[in-house]
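Student: I would like to go through this model one question at a time. Where should we begin?

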Amino acid sequence: MSASLKDLLRGNAEERTQRSVCIGGERLNVTLIRSRRRRRKLSLQLDAEGGLVVRAPFAARREEIDGLIFRNSDWIVQRRQELQEQPRHIGFRFIDGEAHLFLGRSYVLRTGADVMPNSQKVAIVDSELLVQTRSPDAIRRLLQKWYCQQAQQHFQQRLAIFSAQLPWVNTVPALRLRRMRSRWGSCSSSGRLCLNTHLIKASERCIDYVIVHELCHLQEFNHSPRFYALMDAAMPEWRECKAELEACGGVIIRE
C-alpha cells in the first residue's frame, strides 16, 4: 500500500506530492497539497525559492490542476523574475550595532550584562533594543522568545478590536502563532486563525491588514469578489497595506 493511500485511510488532513513542469523555458518544481479542508477552489502561489505550490481538494482532477498552472504561466514567469530581482538578505549575526525591526521601526541592538535598566532580559529603550547577554546564540533565543511574547499580546489586542467592529464576527476567534517563511496568516475551516510571528516586525497597519484579511475569511472562505468587497468595506486602504508588506517582507523574515 502506498504512503499516500495509507494517509487517506488514516484520515490525514493533507497529502503532498511533487513533480516538475516547464514554463517559460524553465523547469519548475511543483508541490501539490491536497487537503480535506472545505476548499472550494484551487490556489497557486510561489515559495521563497521560486517553486510552485498548488493547493487543491482531494477531488480535483489532474487536468484542473494543470489548467490552473498553465493559465497563470505569464504571472508565474513575471513573479519569478520579481523574486530574482529582490535583494538577498543575509541572516543576522546578533552583535552590537545591528538593526532589528519591531512594529515597523528599526532599533539598534545593544548587548551585554550591564545594558539593562532592571531584571528584564530584553527591552526597548529609546531607539535601542537591549538584550542582557553577549552570546549570539543566546541573543537569538531571547529575541525569538521576546518577539513571540510581543506578538501574542499585540495580535490578540488587535484581533479583539476588529472582531468587535466586523458584524459577521460573533466572538474573538482562537489564535495561534507560527514562525513562517511564506505566509502571513491563515484561517481554518473551523474558524481558528494563525498568524506569522515575524509579522510583529511590520508596521501597525500591515498587522491590521493581515488580521482583517483572515477575519474576512470567516464570512467568505475564498478569494471571490464577495471576499474583496468585504475587505473594501472593512479596510478601504488594504491594497496599500498589502503592497507595503510585500515590499518589506524579505527583511521581516530575516533570522
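**Strands, a sheet and two buried residues**

Tutor: Strand β3 and strand β4 (residues 52-57) pair in the antiparallel sense, over 4 bridges. Keep in mind that this is a predicted model.

Student: Which residue in β4 is the bridge partner of Ser 43?
Tutor: Strand β3 covers residues 43-46, and β3 pairs with β4 in the antiparallel sense. In β4, the residue bridged to Ser 43 is Arg 55.

Student: Which side chains of β3 are buried?
Tutor: In a regular strand the side chains alternate between the two faces of the sheet. Along β3, Ser 43 and Gln 45 point to one face and are not buried. Those pointing to the other face, and buried, are Leu 44 and Leu 46.

Student: Is Val 54 buried or exposed, and what is its relative accessible area?
Tutor: Val 54 is in strand β4. Its contacts beyond four places in sequence include Val 30, Leu 32, Leu 44, Ile 65 and Ile 69. Buried means under 20% relative accessible area. Val 54 is therefore buried, with a value of 0%.

Student: How far apart in space are Val 54 and Ser 43?
Tutor: In sequence, Val 54 and Ser 43 are 11 residues apart. The two residues touch. From C-alpha to C-alpha, the distance is 5.7 Å.

Student: Which backbone nitrogens does the side chain of Glu 98 reach, and at what distances?
Tutor: Glu 98 lies in the loop between α3 (73-85) and β5 (99-102), and counts as buried because its relative accessibility is 13%. A polar atom of its side chain lies 2.6 Å from the backbone nitrogen of Arg 93. The side chain of Glu 98 also reaches a second backbone nitrogen, at 2.8 Å, that of Phe 94.

Student: Which strands stand at the edges of the sheet β9-β11-β10?
Tutor: This open sheet has 3 strands and mixed pairing. An edge strand here has a single partner strand, so one side of it is left without a neighbour in the sheet. The edge strands are β9 (175-178) and β10 (185-187).

Student: What angle does the direction of helix α5 make with that of β11?
Tutor: Strand β11 (residues 193-196) pairs with β9 in the parallel sense over 4 bridges. Helix α4 (residues 136-165) packs on the sheet, touching β9 and β11, and its direction makes about 145° with that of β9. Helix α5 (residues 204-216) also packs on the sheet, touching β10 and β11. The angle between the directions of α5 and β11 is about 155°.

Methods: Residues numbered from 1 in each chain as written. Predicted model: local features only at pLDDT ≥ 70, side-chain atom pairs only at ≥ 80, totals over all residues. Heavy atoms only, no water. Pairing = 2+ DSSP bridges. Contact = heavy atoms within 4.5 Å. Axes fitted to C-alpha atoms, helices over the stretch in contact; angles between N-to-C directions. Buried < 20%, exposed > 50% of the residue type's maximum accessible area, 1.4 Å probe, protein only. Polar contact = N/O pair within 3.5 Å; in protein donor to acceptor, adjacent residues only side chain to side chain.
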